[in-house]
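Dear colleague,

Please find below the structure that I am handing over to you. My notes on what was found in it follow.

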Amino acid sequence: MAGSYDKQAAIYLDGRPRYPKEWFSMLAALTPDHSLAWDAGTGNGQAAICVAEHYKQVIATDISEELLKHAIQHPQIQYMHPLSSMSGDELVNLIGGENSIDLVTVATAVHWFDLEKLYPVVKRVLKKPGGVVAAWRYNIMQVSTEMDPLLKKFYEGIEVFLFKTQKCRCSAVNTAKQQGVNLLSEEVKKELESAWGGPELVRTVIYKTYMHLNCTLAVAPKFIIVVIAVHLLFGANMTL
Ligand SMILES: C[S@@+](CC[C@H](N)C(=O)[O-])C[C@H]1O[C@@H](n2cnc3c(N)ncnc32)[C@H](O)[C@@H]1O
């Protein structure tokens, strides 16, 4: 699915929401060291730039070379393009090696990954003890009483498509279009535009966001990492 975002790469930087800075202070307070962080599925570096405020160096990876070409440049961020064919060992070496990373962030991207491949790499690269992995996603955005039911209907259409395609890891609207299903027809666009209140209107958009946080505690015999899952549910509102 490397190409799913490629066509929108140039406008993606403007379109993506940014994250509250407080989250990154909170995450940074959880790790004893602040040397190296990894932002997986970085897109244009929307989370990586905030992580860089707290960690000396940030490795930011994305499967889409096009998005990386438009990434936000920062002296502490090193953008990297892992090949989908890379083995676990190759990924570990690319990112920084075993036991090297203080914080892993996966910002609105974990649903894209093959978790059976991602998690073993995360476990290997995280420092033990004290390494932290944080993954977050948000629900349907909330805009207004006129717009929210239309958004709900639109996302239900996406859910049905994803169900039929067995939860493909894809950009649903683009993939559906390639398969002849137009989830964002002109009619739907017009409905949404009109419910928004016109193109000039500036509105506050709320994204309810949920974060899962895991901390490595210790190195068990034979280097089996004991990872305790501290599932924190933040009812945080991310506002645009
Ligand atoms: C919804 S975007 C989120 C981008 C960014 N983290 C943000 O918060 O704006 C999901 C990102 O995951 C990337 N991605 C998908 N599968 C990936 C994989 N296997 N390895 C690395 N990145 C991946 C996509 O290219 C895309 O940039």
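**Findings**

Pro129 lies in the loop between α6 and β5 (132-138). The bond that joins Lys128 to Pro129 is a cis peptide bond, with omega about -5°. Please bear in mind throughout that this is a predicted model.

**Overall picture and confidence**

The protein contains 9 helices and 8 strands. Of its 240 residues, 27% are buried. Among contacts between residues at least 6 apart in sequence, 66% join residues at least 24 apart.

The average pLDDT of the protein is 85, and 85% of the residues score at least 70. Over residues 219-237, however, the pLDDT is below 50; this stretch has 30 contacts in the model beyond near neighbours in sequence. Where pLDDT is low, the predicted coordinates should not be read in detail.

**The strands**

Strand β1 (residues 36-40) is mostly covered, with 5 of its 5 residues buried. Both of its faces are covered: Leu36, Trp38 and Ala40 are buried on one side, and Ala37 and Asp39 on the other.

β1 is joined to strand β2 (residues 57-61) by 5 bridges, and the two run parallel. It is also joined to strand β4 (residues 103-107) by 3 bridges, again in parallel. Trp38 of β1 stands opposite Ile59 in β2, and Trp38 also stands opposite Val104 in β4.

β2 in turn is joined to β3 by 4 bridges, and these strands run parallel. The bridge partner of Thr61 in β3 is Met80. Strand β3 (residues 77-80) has a covered face, formed by Ile77 and Tyr79, and an uncovered one, formed by Gln78 and Met80.

**Two helices with a buried face**

In helix α2 (residues 21-30), the residues Trp23, Phe24 and Leu27 are buried. Seen down the axis of α2, these buried residues fall within an arc of 95°, so they line one face of the helix. An α-helix has 3.6 residues a turn, so residues three or four places apart point the same way. The face of α2 turned away from the buried side carries the exposed residues Lys21, Glu22, Ser25 and Ala29. The buried residues of α2 are covered by elements including α3 (48-51), β4 and β5.

In helix α5 (residues 88-95), Leu91, Val92 and Ile95 are buried. Seen down the axis of α5, its buried residues fall within an arc of 100°, so they too line one face of the helix. They pack against β1, β2 and α6. α5 is followed by Gly96, whose phi is positive, near 155°.

**Backbone points to check by eye**

Most residues other than glycine have a negative phi, and most peptide bonds are trans. Besides the cis bond between Lys128 and Pro129, two residues deserve mention here.

Asn99 is found in the loop between α5 and β4. Its phi is near 60°, a positive value in a residue other than glycine. Asn99 is partly exposed because 16 other C-beta atoms lie within 10 Å, where 20 or more would make a residue buried and 12 or fewer would make it exposed.

Thr108 is placed in the loop between β4 and α6, and its phi, near 50°, is likewise positive in a residue other than glycine. Is Thr108 buried or exposed? Thr108 counts as buried, because it has 20 C-beta neighbours inside 10 Å.

Asn99 also has a partner in space that is remote in sequence: Lys123 and Asn99 are 24 residues apart in sequence and 8.4 Å apart in space, C-alpha to C-alpha. Lys123 is part of helix α6 (residues 115-125). With 19 C-beta neighbours inside 10 Å, Lys123 counts as partly exposed.

**The ligand**

How many residues surround the ligand? There are 19, and the closest are Gly41, Gly43, Ala107, Ala109 and Trp112. The residues of this shell divide into 10 nonpolar, 7 polar and 2 charged.

With kind regards

Key:
Residues are numbered from 1 along each chain as its sequence is written. This is a predicted model: local features need pLDDT of at least 70, side-chain atom pairs count only at pLDDT 80 or more; totals for chains, interfaces and linings use all residues. Two strands pair if DSSP finds at least two bridges between them. A residue is near a molecule or strand if its C-beta atom, placed from the backbone, lies within 6 Å of it. Ala, Val, Leu, Ile, Met, Phe, Trp, Tyr, Cys and Pro count as nonpolar, Asp, Glu, Lys and Arg as charged, and the others, Gly among them, as polar. Two residues are in contact if their C-beta atoms, placed from the backbone, lie within 7 Å. The arc is that of the directions from the helix axis to the C-beta atoms. pLDDT is the predictor's confidence in each residue, from 0 to 100.
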